[in-house]
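User: I would like a close look at one part of this structure. Please spell out the terms with their cut-offs and then place the part in the rest of the chain.

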Amino acid sequence: MERVTKESSVLVEVDLDGTGRTEVATGVPFFDHMLDALGKHGALDLVVRASGDVEIDAHHTVEDVAIVLGQALKQALGDKSGIRRFGDAWIPMDEALAQAVVDVSGRPYCVHTGEPESMAGFVVGGHYPTVLNRHVFESIAFHAGIALHVRVTGGRDPHHITEAEYKAIARALRAAVEPDARLEGPASTKGVLES
């Protein structure tokens, strides 16, 4: 999937049945680190190439990457036949603890709770404002057509909290897209998952 605007140019390739190979370059180093973690811990083969007006702010590039990543996930999910559909994970990162729960239902929704107030004004590495976390998760959920709940239950260090959140999403998504040999067709009483 690709997206080109006056603010950024983004290319995302994703293979849900991958081995965690990643190639990520967005111009926002900490975001690259988080996307790399998403791929590795989600066992996704993930390519993200983006350029944008990061000299102004990371916001546009981060937002546009999240949109395109969501679109790529939606396309990769296809009709969702034979996959588990639901996934959840708890991830500790030193003192931080985050939970993510995913339903690849086709119905977009995002609930994000528990980040400490200090996250609203913190910038990791001088370039990634952690206030963007919620926006990233909402953008991915909306454009992928997934329900995503992310909850932070503990933590002090904004780097640790953010990393625990991304890794929890990765592991929950990995569980949700795994094949389930006991299923024929989509895991739905309707016989179809929304698209």
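The request is narrowed to one sheet below, and the answer follows.
In what order do the four strands of the open sheet that contains S1 lie, and which helix lies across S3 and S4?

Analyst: This is a predicted model, in which local features need pLDDT of at least 70 and side-chain atom pairs count only at pLDDT 80 or more, while totals for chains, interfaces and linings use all residues. Residues are numbered from 1 along each chain as its sequence is written, and side-chain values use heavy atoms, with hydrogens and water left out.

The sheet is open, its four strands lie in the order S1-S2-S4-S3, and the pairing is mixed. Strands and helices here are DSSP runs numbered from the N terminus (E, at least two residues, for strands; H or I, at least four, for helices). Two strands pair if DSSP finds at least two bridges between them. Strand S1 (2–4) and strand S3 (22–25) are the edge strands, each pairing on one side only. On average, neighbouring strands are turned by 5° against each other, direction ignored. Angles run from 0 to 180 degrees between N-to-C directions, and axes are lines fitted to C-alpha atoms, for helices over the stretch in contact.

Starting from the S1 edge, S1 and strand S2 (residues 8–15) run antiparallel and are joined by three bridges. A hairpin of three residues leads from S1 to S2. Glu-2 faces Leu-11 of S2, and Arg-3 has Val-10 of S2 as its bridge partner.

S2 also pairs with S4, in the antiparallel sense, over eight bridges. Leu-11, the residue opposite Glu-2, stands opposite Arg-49 in S4. Val-14 has Leu-46 of S4 as its bridge partner.

At the other edge, S3 and S4 run parallel and are joined by four bridges. Arg-49 appears here again, as the bridge partner in S4 of Ala-25. Arg-49 is thus placed opposite Leu-11 and is also paired with Ala-25.

Two helices lie across this sheet. Helix H1 (residues 29–42) lies across S3 and strand S4 (45–52) and runs at about 160° to S3; contact means heavy atoms within 4.5 Å. S3, H1 and S4 together make a left-handed β-α-β unit. For reference, a crossover is right-handed if, with the strands pointing away from the viewer, the path from the first strand over the helix to the second runs clockwise. Helix H2 (residues 59–77) lies across S1, S2 and S4, at about 35° to S2.

Further along the chain there is another open sheet of four strands, in the order S5-S6-S10-S7, also with mixed pairing. Strand S5 (86–93) and strand S7 (109–113) are at its edges with a single partner strand each, so one side of each has no neighbour in the sheet. The average turn between neighbouring strands there is 10°, direction ignored. S5 pairs with strand S6 (residues 96–103) in the antiparallel sense over eight bridges, and within that pair Ile-91 stands opposite Ala-98 of S6.

The helices on that sheet are H3 and H4. H3 lies across S7 and strand S10 (147–154), at about 160° to S7, whereas H4 lies across S5, S6, S7 and S10, at about 150° to S5. Helix H3 (residues 132–144) and helix H4 (residues 158–177) pack at about 10°, their axes 11 Å apart. They are therefore roughly parallel to each other (angles under 35 degrees count as roughly parallel, over 145 as roughly antiparallel, 65 to 115 as roughly perpendicular and the rest as oblique). H3 contributes Asn-133, Val-136 and Phe-137 to the contact, and H4 contributes Thr-162, Glu-165, Tyr-166 and Ile-169.

Taken whole, the chain has four helices and ten strands. The radius of gyration is 16 Å, close to the 16 Å that the globule rule gives for 195 residues, so the chain is as compact as a globular protein of that length. That radius is taken over C-alpha atoms, and the rule is 2.2 Å times the number of residues to the power 0.38. Along the principal axes, the C-alpha atoms fill a box of roughly 50 × 40 × 25 Å.
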